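The report that follows goes through surface features, backbone geometry, charged contacts and cysteines in turn. Please keep the sequence and the coordinates at hand while reading.

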Amino acid sequence: MKIEQDAKFREQRERFRLRFNCEHCALFDDENEKCAHGYPTAEHREAHYADPNARIVFCKHFELM
């Protein structure tokens, strides 16, 4: 699912410490920087959201650590 990112979302992401990136997923292999399911990670990584125009992308297999 991809949705537009706006200023309100960015503020709430920080305020509520929302976790939805690969770096916070139990299925992400930090050492090899890969998803355990082999899914591409570029749009799901924290660095992707440094761009305020980047669309928000949620992974259907995200498992919070």
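## A nonpolar surface patch

Ile3 counts as partly exposed, with a relative accessibility of 35%, in what is a predicted model. The residue belongs to strand β1, which covers residues 2-3. Together with Met1 and Phe58, Ile3 makes up a nonpolar patch on the surface, and the accessible area of these residues together is about 290 Å².

## Backbone and loops

Two residues other than glycine may be inspected for their backbone angles. Arg17 is not a glycine, yet has a positive phi of about 50°; this residue sits in the loop between α1 (7-15) and β2 (28-29), and with 63% relative accessibility Arg17 counts as exposed. Glu33 likewise has a positive phi, near 50°, without being a glycine. Its place is in the loop between β2 and β3 (34-35), where Glu33 counts as partly exposed at 48% relative accessibility.

Further along the chain, Pro52 is found in the loop between β3 and β4 (56-57) and is partly exposed, with a relative accessible area of 39%. The C-alpha atoms of Pro52 and Arg10 are 8.2 Å apart in space, although 42 residues separate the two in sequence.

## Salt bridges

Over the whole structure, a search finds six salt bridges. One of them joins the side chains of Arg55 and Glu4, with an N to O distance of 2.8 Å. Because Arg55 lies in the loop between β3 and β4 while Glu4 lies in the loop between β1 and α1, this pair ties together parts that are 51 residues apart in sequence. Arg55 is partly exposed, at a relative accessible area of 43%, whereas Glu4 is exposed, at 51%.

A salt bridge between Arg45 and Glu23 has an N to O distance of 2.7 Å. Here Arg45 is in the loop between β3 and β4 and Glu23 in the loop between α1 and β2, so the pair ties together parts that are 22 residues apart in sequence. Arg45 counts as buried, at 17% relative accessibility, and a network of salt bridges links Arg45, Glu23 and Glu33. Within helix α1, by contrast, Glu11 and Arg15 lie four residues apart, about one turn of the helix, and form a salt bridge in which the closest N and O atoms are 2.7 Å apart. Glu11 is partly exposed, with a relative accessible area of 37%.

## Cysteines and the cavity

Why does a search of the whole structure find zero disulfides? A disulfide is a covalent bond between the sulfur atoms of two cysteines, and the cut-off applied to the two sulfur atoms is 2.5 Å. For Cys25, the closest cysteine sulfur is that of Cys59, 6.4 Å away and therefore too far for a bond. For Cys59, the closest cysteine sulfur belongs to Cys35, at 6.0 Å, which is again too far for a bond. Cys25 counts as buried, at 9% relative accessibility, while Cys59 counts as partly exposed, at 28%.

These cysteines can also be placed with respect to enclosed space. The count comes to one cavity of 30 Å³ or more, and the largest cavity holds about 120 Å³ of space. Its lining is formed by 14 residues, of which Cys22, Cys25, Cys35, His44 and Cys59 lie nearest the centre of the cavity.

Notes:
Residues are numbered from 1 along each chain as its sequence is written. This is a predicted model: local features need pLDDT of at least 70, side-chain atom pairs count only at pLDDT 80 or more; totals for chains, interfaces and linings use all residues. Side-chain values use heavy atoms; hydrogens and water are left out. Buried means under 20% relative accessible area, exposed over 50%, partly exposed in between (1.4 Å probe, protein chains only). Patches are made of residues with over 30% relative accessible area and no salt bridge: like charges are joined within 9 Å, nonpolar side chains (Val, Leu, Ile, Met, Phe, Trp, Tyr) within 5 Å. Accessible areas come from the Shrake-Rupley method with a 1.4 Å probe; for residues, only the protein chains shown count as cover. A salt bridge is a side-chain nitrogen of Lys or Arg within 4 Å of a carboxyl oxygen of Asp or Glu. On a 1 Å grid over the protein atoms alone, a cavity is a set of points where a 1.4 Å probe fits but cannot get out, and a pocket is an open set with protein on both sides within 12 Å along at least five of seven lines; lining residues have an atom within 4 Å of a point. Grid points are joined across faces, edges and corners, and a volume is the space filled by probe spheres set on the points.
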